[in-house]
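Dear colleague,

Please find the structure below, handed over for your reading. A summary of what was found in it follows.

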Amino acid sequence: MARKPEGKEVFPGEKLAVIEEYGDGEGTYQLDGDVRSSEIGVTRINAGARSMVVDKWTPSILVPLEGMEVVAEVGSVARKDARIDIFMLAGTHVHPTYSGVVHISDISTEYVKNIDAALRSGDVVKGKLVNTRNRLNQVTLAAPEYGVIYAYCSRCGGLLAREGGKLTCPDCGRVEWRKTARSYGKEELA
């Protein structure tokens with residue numbers, strides 16, 4: 001071929017090579033003996049596999065999938081559930097946030113009579129997605145590694161510190177209870 005196949009900026013559908021020259025690799029596909037781009041990006045040759053590859057320019061979209069760990073902020077708390085704003089999926093920040101819900105039966109393995117005793121608006125929780133059907137992201141906190149990871153005092157708004165099995169406000173001395181995760185106060189959110 002007369003043109004340089006590597007380092008070329010390409011668009012989807014653009015012909016890159018014939019199948020006799022290179023096979024189809026990541027970001028490419030084969031159609032009628034031609035290797036074509038399936039992404040917007042830059043071409044690269046994978047010498048080991050003797051294939052044409054297109055390194056994607058556009059970012060991949062991270063969508064919620066069942067089984068993913070999530071970190072979210074609790075929005076409103078109702079009688080039987082809490083609405084949450086998911087801002088981390090599988091350790092990666094997402095923007096805009098995804099909406100989710102934590103049902104009262106998914107808070108703990110033990111019976112929870114009052115959801116206000118386990119979660120409060122403004123708390124940051126870590127959980128696992130158990131249902132993503134119908135764009136409803138249902139999260140469970142019913143495991144020792146899941147629950148509230150940062151909580152704020154309902155009186156003064158200070159960050160609560162865990163002392164023993166309870167949460168104490170270092171500013172006003174108020175003692176509160178939440179369904180906390182093992183990693184309470186130690187999670188990196190940056």
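**Strand pairing**

Gly 100 of β10 stands opposite Asn 137 in β12. The model is a predicted one, in which local features need pLDDT of at least 70 and side-chain atom pairs count only at pLDDT 80 or more, while totals for chains, interfaces and linings use all residues. Residues are numbered from 1 along each chain as its sequence is written, and side-chain values use heavy atoms, with hydrogens and water left out.

β10 (residues 92-103) and β12 (residues 137-140) pair in the parallel sense over two bridges; strands are DSSP runs (E, at least two residues) numbered from the N terminus, and two of them pair if DSSP finds at least two bridges between them. With β9 (residues 81-89), β10 runs antiparallel, joined by eight bridges. In that pairing Asp 85 stands opposite Ser 99. β9 and β10 form a hairpin with two residues between them, and Ala 90 in the turn has a positive phi of about 50°.

**Core and aromatic pair**

The largest nonpolar core (buried Ala, Val, Leu, Ile, Met, Phe, Trp, Tyr and Cys residues joined through side-chain atoms within 4.5 Å) has 29 residues, of which Ile 107, Leu 119 and Val 139 touch the most other members. Two or more residues each come from β8, β9, β10 and β11, and β9 gives the largest share, four residues.

There is one aromatic pair (ring centres within 6.5 Å; planes under 30 degrees apart are stacked, over 60 edge-to-face, the rest tilted). The ring centres of Tyr 150 and Tyr 184 are 6.4 Å apart and the planes stand at 45°, so the pair is tilted. Tyr 150 lies in β13 and Tyr 184 in the segment after β16, 34 residues apart. Both Tyr 150 and Tyr 184 are buried, that is, under 20% relative accessible area, where exposed is over 50% and partly exposed in between (1.4 Å probe, protein chains only).

**Salt bridges**

The structure holds twelve salt bridges, each a side-chain nitrogen of Lys or Arg within 4 Å of a carboxyl oxygen of Asp or Glu. One of them joins Asp 34 and Arg 36 at 3.5 Å, N to O; Asp 34 counts as buried because its relative accessibility is 14%. Another links Glu 39 and Lys 56 at 3.9 Å. Glu 39 lies in the loop between β5 and β6 and Lys 56 in β7, so this pair ties together parts 17 residues apart in sequence.

Kind regards

Key: Rings of Phe, Tyr and Trp (its six-membered ring) pair if their centres lie within 6.5 Å; planes under 30 degrees apart count as stacked, over 60 as edge-to-face and the rest as tilted.
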